[in-house]
Each structure stands twice: as structure tokens, then as C-alpha cells.
Amino acid sequence: MIKPDYLFESSWEVCNKMGGIYTVLASKACTLTDDFRDNIIFIGPDLNNMPDDFEQDDSLFEVWKKSLPEDLKIRTGRWRVPGRPIAVLVAYKTFYDRRDALYYDMWEQFKVDSSHAYGDYDESCIFACAVGLLIENFYRFHHLENKHVAAHFNEWMLCMGALYLQKNLPLIATIFTTHATTTGRSIAGHDKPLYSHLKAFSGDQMAKELNVEAKHSLEKQTARTVDCFTTVSEITAIECAQLLDRAPDVVTPNGFEREIVPQAAVYAEKRAAAKAALKRTVEKLTGYAVAEDAFLVATSGRYEYRNKGIDVFLDTINLLRRNADLKREVVAFIMIPADVHETRADLKYLLENETEPANGLQTPFLTHWLNNMGDDRVMNRILSAGFTNTPEDKVRIVFVPCYLDSHDGIFNLSYYDLLTGLDATVFASYYEPWGYTPLESVAFGVPTITTDLAGFGIWAQAQVIGDAAAVVHRSDDNYPDVINSISSSLLSVMSSDEAAVRESCFNLARQAEWKRFIKHYYAAFDRAFINVNIRNNK
């Protein structure tokens, strides 16, 4: 098996936390740096700020940096994640004047059609081009012609970097991973029946109908051109074959890094602190105490109302509060970043002044005020369902619409810190190529409920999962059954032995650690180098 001497890993989410890909790369880094040391370099965007997780180190690559062309501006340092890999942040906006020439070249060389581009397409492609230039410059300066060099590009946003290297530096092995196809995500997000109709869908036709032609064209041509094309689950591999006209060469499931989870010696303390913080916030919002044995359940992730199963979660919690078999008080949290206007000053004041009486606040469902609150789908569903968050309600529901980055103004704890205090999570995804959130949940000892339309759910079904995870069958037309199944699963978790369930969670998570899954990436590297040799010897 051919292994890289140097590996470049690039993503819009290197030192830039936006979603699940950040967690994929940040957790994978520890395992890769054990093997590659400083010969793996992560590349992300320089957004003119100092990310909390980036430790600048100007001493790295001093001689090389002095040789860089004037318009290629970078910062070097370490990514503050387990393994502390080298990270390079690229200031890409100086390349905007090359956009038209770049797009023309991509059409001439690879038939990538950028004529219908809009939104974040330009910014992503300019950044990807800068990444390609950076890797090329590093390669040539350090004379790596006799080394095995691989460049790994994540998501459509980095595709032009892969194509740039394919044209300008054909000795580098290129790997492209789609974590979700643009067209598949769009089909699902527009409430179309992706799974029952998948074999009838044309990727090109649907991309045109859904106005994602440029992204689809870029993704499709890159998948067909790179030396190794991968995706994160078998369910997405089927989607790729249909919509991109190429099945992935390797499936690379997402693992987890155990170092992120609190050690046993402090776990109970962290769980108690998180549970107290959650309860205290609810009590200040609603004006009355949360029971000692209250069951705390949450969903989280990206604000994709249908794709991520937010609609299912809300309807399940609504069904649960009407269930006569419900014996415990329940508090449900929707921890999903939305269009936040500001931290609620009234709630913050009560949290900071313990002696102030809390009689319940106006809109006791919300920790942060939203812009255009009347148009928010979560808030509209909470209100239309008739939740009151009064003592008469057996179930309280709270929307936490901010990034939980320890600086939110209310909890001031990270998502992982709060996750530890939950009793269960629900991720009822309709479209979920892998599903990091349920994996994170079990890794932190919290049982989860997910679906068999998520890559993680399908993987979990093949394991001995005990009480760690319930995998609910979901299709295009069984919405009521999904709600009933999840409600029953939550009741089951409430009556389970907490310690036994937690141990079951940890056991399942161990089966998904990177040390077990990293082999799939090494298979991808090997495939890429084999194809480089074939390509360059034609």
C-alpha cells in the first residue's frame, strides 16, 4: 500500500467551525499526526481574524514563506486540536481579479460550467484556487518530485483546487471527498422524495430545476477527474453514482477521537455542572423549578428543518407531552444556530443576579432574540403546537439558536460541555450522509435516537449497540410512524438504567474511533497513487 510522504488536507472549515466537517477534520488530525508528524499540513481560509483554535507560529517554514509571490499571503501556526497539526491560513481575496480567467480555464480543461454561479460560489472557488497555488508553490520550492505527495480536498468548495493541481502538477495525487452532494441535499431540502425516486432523477436536470447548476457541474466534473473520489457512507455512495454519474472509489466513514471526551475521573462532575446549567437557564426562562429527575433531551446540528429532522423532533416532543404514560418531567432543547439578533438581556440579568425573583419571562422558549422571529420555523411550530412552558405542561421546550462556543452570553459553555449533561438526544434526519451528532452523543455517554437514512444509523445497525442507540426506520412516506417510534424510544430510555446505558454508549463509540476507521483513508491514498501512475504513464 502506497502511503504519502506529504499530505495536504484542505477545507473551508479548517480553523473555521461551521458544521460537521470541522469535527471530522479536527478529530481525524490526532490519528494522522501520529503517523505523518509535521508532514501533514491543514489548509483553511484566512478570514482576517484570529481564530480561537489557531496558534500562530511565524517560525514555521520561514525560508519558504519569504519566497512566496506577493499576492499569496498566508499565516502559519498550529491548529489547537488533539495532535496540534500544522495549519496554514490563506488570504484568498487578492485572487479575485483572476476569477474570469480561472472559470474560462476550468471550462476549457474540465467542462466545469460556472455561468450560473451565484452566492458563495465565487468566494469558495477563489479560495480553492489559492489552495492549489499554495500546494504547488510548496511542492516546487521543496523539490518533492521524488516524494509521494497527496492533496485531499473536502466538499465542492475546494474542487477547483483539485482540478488546478490535476492540470498544473500531475504528479500530485488528488483526493476529493463529498460529504453530501449539492443536488441530493437540494432535492431533500425542497421536500422532494429523494429515496423513492432516486433512480429516476437525473443529476444535471435536477440541478437545473433547483438552481444549483454551477456547484453541481463543479462537483460532478471533479468526482470524475480526481485520482480518488470518496464519500462518507454507503447511502451517499448510491446517491453519488446516480446524481454525479460516478460511484466513489472508497467509502471513508467518519470516526471520532476519544481525547475530546472527559476522562472518567471528571466525567460525573462535568455532567452535574452541565445539567445544572441547563436546568438553571430553563428555570429563569419559565419562572419555576425543574424537577431533580427531569429528563433532558435535545437535538442539534445545522438549521435544515426537514433534512435534519427538526420537524420530527418538534412533533415528537409535542406527542410526548400528550402521552398519559409519561411519568417524568421532560425538558427538550433545540440547540441549532439560527439568525440571532442578540443575547436576551432579561435572561442574562436573571442568570447573573441570583437574588432577583424569576417569575417567568415573555417568550419563555427562547434564549436569544432572533431577527425576523415571526418567520422562524422552529418558533412558529412551538407556538402553533400550543406549548406554554407553564407548570401545567409536562414538557417544556427551549430553543437555543446560537453557536455554543463558550461565548454565547447565556450558558457560556461549549456544545460538548452541555452535551454531557443531557439524558438523550434525537437526530431524526431525512438527509444525513454520515451523522456526526449521534456519534458525538454516544461518545459522550448520551444515548441517541437516529434513523436508517443517516450513514451513522446504517453503520450502527450492523454493530452490537445495546441501549446506546435506537435506529428508527424512515422513508419518504412514513412520517407518523417515525414520530411514534421515537416517542416510544424516549420512554424506553427514561426507564433504563443510566449507568448501564452510558457504558453501552462508550462501547459503541469505541467501535467508531479513528484508529479503526483511518484504514479507509489509507486505502484512498493508495488508490490515488495507483491512478497517478496510470495517468502519468499513458
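What follows is a walk through a predicted model of a protein chain, from its overall build down to a few chosen residues.

Starting with the big picture, the protein chain holds 20 helices and 17 strands. Its radius of gyration is 24 Å, close to the 24 Å that the globule rule gives for 538 residues, so the chain is as compact as a globular protein of that length. Laid out along its principal axes, the C-alpha trace spans about 75 × 55 × 45 Å. Buried residues account for 60% of the 538 residues. As for who touches whom, take the contacts between residues at least 6 apart in sequence: 72% of these join residues at least 24 apart. On the outside, the protein chain exposes about 21500 Å², with carbon and sulfur atoms supplying 49% of that area.

Charge comes next. The protein chain carries 55 positive and 73 negative side chains, and the centres of the two sets sit 3 Å apart. The salt bridges add up to 35. One of them pairs the side chains of Asp122 and Arg99, at 2.9 Å from N to O. Asp122 belongs to helix α4 (residues 121-141) and Arg99 to helix α3 (residues 99-110), so this pair ties together parts that are 23 residues apart in sequence. Arg99 itself counts as partly exposed, at 30% relative accessibility.

Another salt bridge brings together the side chains of Asp120 and Lys215, again with an N to O distance of 2.9 Å. Here Asp120 sits in the loop between α3 and α4, while Lys215 is found in helix α9 (residues 213-225), so the pair links parts that are 95 residues apart in sequence. The two partners are covered to unlike degrees: Asp120 counts as partly exposed at 35% relative accessibility, whereas Lys215 counts as buried at 18%.

Glu432 and Lys308 also meet through their side chains in a salt bridge, at 3.0 Å from N to O. Both come from loops: Glu432 from the one between β15 (424-426) and α16 (436-443), and Lys308 from the one between β10 (295-300) and α12 (310-320), so the bridge ties together parts that are 124 residues apart in sequence. Glu432 is buried, with a relative accessible area of 11%, and Lys308 counts as buried too, at 12% relative accessibility. Beyond such pairs, there is a network of salt bridges that links Arg271, Lys275, Asp423, Glu498 and Arg502.

Helix α12 deserves a look of its own. This helix is mostly covered, with 10 of its 11 residues buried. Among the buried ones are Ile310, Val312, Phe313, Leu314, Ile317 and Leu320, and the list also includes Asp311, Asp315, Thr316 and Asn318. The cover over these buried residues comes from several elements, including the strands β10, β11 (330-335), β14 (395-400) and β15, along with the helices α14 (377-385) and α18 (479-494).

Last comes a single residue, Ala241, which has its place in helix α10 (residues 234-243). Ala241 is partly exposed, with a relative accessible area of 35%. Setting aside neighbours within four places in sequence, Ala241 is in contact with Arg246 and Ala247. Ile172 lies 69 residues away from Ala241 along the chain, and the C-alpha atoms of the two are separated by 25 Å.

Definitions and conventions: Residues are numbered from 1 along each chain as its sequence is written. This is a predicted model: local features need pLDDT of at least 70, side-chain atom pairs count only at pLDDT 80 or more; totals for chains, interfaces and linings use all residues. Side-chain values use heavy atoms; hydrogens and water are left out. Helices (H or I, at least four residues) and strands (E, at least two) are DSSP runs, numbered from the N terminus. The radius of gyration is taken over C-alpha atoms; the globule rule is 2.2 Å times the number of residues to the power 0.38. Buried means under 20% relative accessible area, exposed over 50%, partly exposed in between (1.4 Å probe, protein chains only). Contact means heavy atoms within 4.5 Å. Accessible areas come from the Shrake-Rupley method with a 1.4 Å probe; for residues, only the protein chains shown count as cover. Lys and Arg count as positive and Asp and Glu as negative; His and the chain ends are not counted. The place of a charge is taken as NZ of Lys, CZ of Arg, CG of Asp or CD of Glu. A salt bridge is a side-chain nitrogen of Lys or Arg within 4 Å of a carboxyl oxygen of Asp or Glu.
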